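Biologist: I'm new to this one and would like to zoom in on a single part of it. Could you pick a spot in the interior, show me what sits around it, and then work outward from there?

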Amino acid sequence: MSVKNVVTNHLTNRRVLLAISGGIAAYKTPELVRQLIKSGAEVRVIMSASAGQFVTPLTLQVLSGHPVYSDLFELEQAAEQPDHHEQQNSAMNHIELARWADVILIAPATANTITKIAQGMADDLLSTTLLASTAAIMIAPAMNSQMWLAEATQKNITQLQQRGTTIIGPASGELACGEIGEGRLVENSVLLQALNHHFSEGPLSGVQITISAGPTREPIDPVRYISNRSSGKMGYALAEAAQRMGADVRLVSGPVSITPPVGVTLIQVESAREMHSAVMENSGEIFIACAAVADYHLSEVPVQKIKKSNSVLTLTLSPNPDILKEVAQQATPPFTVGFAAETENLEKHALNKMAQKGIDMIAANLVGDVDSGFDHDHNRLSVYWRDGVSQLELASKKIIAEQLMSLVHKQFLTQK
Ligand code: PMT
């Protein structure tokens, strides 16, 4: 897919610094440069020393129309001698390059490069330029799946996300090492889409939204848990709709098997208490609680598996924190949107929940229906706020999410 297939092209005259690190997926970058230029972006390319083993600087130089460097000293020398050869009058030193960029995209980003950036190292051209820049940074990891899942890599990724770095992918599939798993560089179309989105200005542009989604799991013993049938579809559709409106979306998700929208910051949790910590850390300017949160957890989780016996088994449960209520009770709360999952008396229960939790809006769904609610692709909602109500008739969760986000946007503006 090229950017022209995306709603609008926002890449014209945008300055994209593509930083390529040394992985086999680097072979895909010449086509990425070509497509970026075709979309109207200005592109400069830098490479790590090992990236040159996978793609030639000359190819990238011809496609971008500018010199491509991997060596810090070579770049500084070229910048000082503008007449050295034909193309080098466009050479900048690494500080100028760092200031020039509107966005820096590191693709592919190896585990080594990710570690260096997370640690703030500056021992080559790529890492030094990154450290010297205040531009937005987007990272598209590509590596063997064990390396990606390694605790060290995941910690580095979390740290980078907390600093506002956008992580794109990785995708799952066949890897260069022959294994199948997570670690592939996402397709160029996904990178273009993420860059395009970065520059889009929607009605919620720059607004921070936190959305909770999916179920939570409360362990009973080391192998069992209490959970529910939430698939995450409704919450993920909301994240996508909010992102399309330009919002910065943090998606705090319980265990689900669907892929998050590109560019959304995903925080994966298991239990209600983990979800509570993640949401309280940053509930944004708008908080939408779509997760089906367990109301209780086991008071004491045994260390060993509970053995089967013929006697009645009694589990003692303690209440979980009410995440939504706590968010709404903060000194300066965000605009709060709750969901009510009911099997009867929808309006009455929803309005009670709205009052009891002190929230701004509630989206109520009947979860006993055969065509909507938990795990269905469709839903219907009755949405209530202080002085209004709207019925969202049966439609796909993607459409319902767009309609709900539009109501949220209107009410958010009136309360600002
Ligand atoms: O994920 P899907 O399969 O797409 O299904 C979507 C959905 C049916 C899960 C979704 O539309 C929905 O209704 N989500 C809320 C489910 C729920 O837990 O509702 P509740 O009525 O029990 O809770 C009321 C509100 O309080 C919810 O916003 C919930 O996120 C929040 N809550 C509840 C308990 C708790 N301890 N903390 C909370 O924040």
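Modeller: Let's start at Met405. Setting aside its neighbours within four places in sequence, Met405 is in contact with Leu204, Ile209, Leu238, Ala241, Ala242, Met245 and Ile288. Keep in mind as we go that this is a predicted model.

Where does that put Met405? It belongs to the largest nonpolar core, a set of 38 residues. Ile209, Leu238 and Met405 are the ones with the most contacts inside that core, and both Ile209 and Leu238 appear among the contacts of Met405. In soluble globular proteins, nonpolar side chains tend to be buried together.

Now step away from there. A separate core has 32 residues, including Val43, Val103, Leu192 and Phe199. Two of those names are handy signposts.

Take Leu192 to begin with. Leu192 lies in helix H9, where Asn188, Leu191, Leu192 and Leu195 meet Glu31, Leu32, Gln35 and Leu36 of helix H1. Sorted by kind, the residues of this contact are five nonpolar, two polar and one charged. As for how the pair is arranged, the axes of H1 (residues 29–38) and H9 (residues 188–198) come within 10 Å and cross at roughly 40 degrees. That angle is why H1 counts as oblique to H9. The hand of their crossing is right-handed.

The other signpost is Val103, which falls in strand S3 (103–109). S3 is part of what covers the buried residues of helix H5, along with H6 (125–131), strand S4 (136–141), H7 (145–149) and H8 (151–162), among others. Which residues are being covered? In H5, which spans residues 111–119, the buried ones are Ala111, Thr113, Ile114, Lys116, Ile117 and Ala118. So don't expect nonpolar names alone, because Thr113 is counted as polar and Lys116 as charged.

Of those covering elements, H8 is worth a closer look. The H5 and H8 axes come within 9 Å, crossing at roughly 45 degrees, so these two helices are oblique to each other. Here the crossing is left-handed, whereas that of H1 and H9 is right-handed. On the H5 side, the residues that meet H8 are Ala111, Ile114, Thr115, Ile117, Ala118 and Gln119. H8 brings Thr153, Asn156, Ile157, Gln159 and Leu160 to the meeting. The tally for this contact is six nonpolar, five polar and no charged residues.

To finish, follow the chain just past the end of H5: Gly120 takes a positive phi there, of about 75 degrees.

Note on methods. Residues numbered from 1 in each chain as written. Predicted model: local features only at pLDDT ≥ 70, side-chain atom pairs only at ≥ 80, totals over all residues. Heavy atoms only, no water. Buried < 20%, exposed > 50% of the residue type's maximum accessible area, 1.4 Å probe, protein only. Helix = DSSP H or I, 4+ residues; strand = E, 2+ residues; numbered from the N terminus. Contact = heavy atoms within 4.5 Å. Axes fitted to C-alpha atoms, helices over the stretch in contact; angles between N-to-C directions. Parallel < 35°, antiparallel > 145°, perpendicular 65-115°, else oblique. Left-handed = near helix turned anticlockwise from the far one by under 90°. Core = buried A, V, L, I, M, F, W, Y, C linked by side-chain atoms within 4.5 Å.
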